[in-house]
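Trainee: Could you take a close look at the interior of this one with me? I'd like one connected walk through what gets packed away and how it's put together.

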Amino acid sequence: MRRTLAGILAVMAMSTALPAFAAGSDSESAPDPLGDLITGALTGTIPGTLEYKMRATLYHAGAKGIRGLDSLGCKVVAMRTVAVDKTVIPRRTVLFIKETVGLPMPDGGTHDGYWYASDVGGAIKGLKLDLFSGSGRASMNPLMGLNLSHLSVSKVGEFKGCPPE
């Protein structure tokens, strides 16, 4: 089934989107879940396809030792930035975390499950990740049910520059 879907999507991509995709884009743009799905199908990673079960912790701006910038020098983005062990998941990896789909976003929308691995932490080793909730301890409330639980994490792509805000 996966090969059939990948073949169909590859043919569609060659006729329409592949030249733009292959050339890459340096411009900052909005997340493209459909493009990520096509890319995932072509590379064999589809959102929701489990690659890792990782233990989650939470962090927020204002906590001791937390700066406003991630390890890439970019601004940390609430409900998008995730700290990882870069020996397990390289920085600049786009992740799909199934359990975060539908969570409330700071702008009033709902989460689509996409996170950006742009930070690291001293205590983040192995199959652990740290989700950035926003500013202040209260920002962790929507994520509190995920704290210390094991999440389904899939790599779905890469990003250039800083994660989108």
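Mentor: Buried residues account for 39% of the 165 residues in the protein chain, where buried means under 20% relative accessible area, exposed means over 50%, and partly exposed is what falls in between (1.4 Å probe, protein chains only). Keep in mind that this is a predicted model: local features need pLDDT of at least 70, side-chain atom pairs count only at pLDDT 80 or more, and totals for chains, interfaces and linings use all residues. Residues are numbered from 1 along each chain as its sequence is written, and side-chain values use heavy atoms, with hydrogens and water left out.

On the outside, the accessible surface of the protein chain comes to about 8900 Å², and 59% of that belongs to carbon and sulfur atoms; these areas come from the Shrake-Rupley method with a 1.4 Å probe, and for residues only the protein chains shown count as cover.

Now the layout. The protein chain has three helices and six strands, in the order α-α-α-β-β-β-β-β-β along the sequence. Helices (H or I, at least four residues) and strands (E, at least two) are DSSP runs numbered from the N terminus. The six strands make a closed barrel with mixed pairing, running β1-β5-β2-β4-β3-β6. On average, neighbouring strands of this sheet are turned by 45 degrees against each other, direction ignored; the axes are lines fitted to C-alpha atoms, for helices over the stretch in contact, and angles run from 0 to 180 degrees between N-to-C directions.

Two strands pair if DSSP finds at least two bridges between them. β1 (residues 52-61) and β6 (residues 150-158) pair in the antiparallel sense over four bridges, and methionine 54 has leucine 151 of β6 as its bridge partner. The contacts reach a long way along the sequence too: of those in the protein chain between residues at least 6 apart, 80% join residues at least 24 apart. A contact here means heavy atoms within 4.5 Å.

So what fills the inside? The largest nonpolar core has 21 residues, and Val82, Ile89, Leu129, Leu131, Leu143, Leu151 and Val153 have the most contacts inside it. The elements giving it two or more residues are β1, β2, β3 (93-97), β4 (114-119), β5 (128-135) and β6, with the largest share, four residues, coming from β1. A nonpolar core is a set of buried Ala, Val, Leu, Ile, Met, Phe, Trp, Tyr and Cys residues joined through side-chain atoms within 4.5 Å. Valine 82 is a good place to zoom in: leaving aside its neighbours within four places in sequence, its contacts include Leu95, Trp115, Ala117, Leu129 and Leu131. Apart from this core lies another, of six residues, among them Val94, Phe96, Val156 and Phe159.

That brings us to β3. Five of its five residues are buried, so β3 is largely enclosed by the rest of the structure. In a regular strand the side chains alternate between the two faces of the sheet. Here both faces are covered: Thr93, Leu95 and Ile97 are buried on one side, Val94 and Phe96 on the other. β3 pairs with β4 in the antiparallel sense over four bridges, and with β6, also antiparallel, over five. Leucine 95 takes part in both: tryptophan 115 is its bridge partner in β4, while lysine 155 stands opposite it in β6.

Just before β3, have a look at arginine 92, in the loop between β2 and β3. Most residues other than glycine have a negative phi. Arginine 92, though, has a positive phi of about 75 degrees, and it is partly exposed at 34% relative accessibility. Leucine 148, in the loop between β5 and β6, also has a positive phi, near 70 degrees, and at 47% it counts as partly exposed.

Last, the covalent tie. The structure holds one disulfide, meaning a pair of cysteine sulfur atoms within 2.5 Å. Cysteine 74 and cysteine 162 form it, with their sulfur atoms 2.0 Å apart. The torsion about the S-S bond is about -80 degrees, so the disulfide is left-handed. It links distant parts of the chain, 88 residues apart: cysteine 74 sits in the loop between β1 and β2 (81-84), and cysteine 162 in the segment after β6. Cysteine 74 is buried at 3% relative accessibility, whereas cysteine 162 is partly exposed at 34%.
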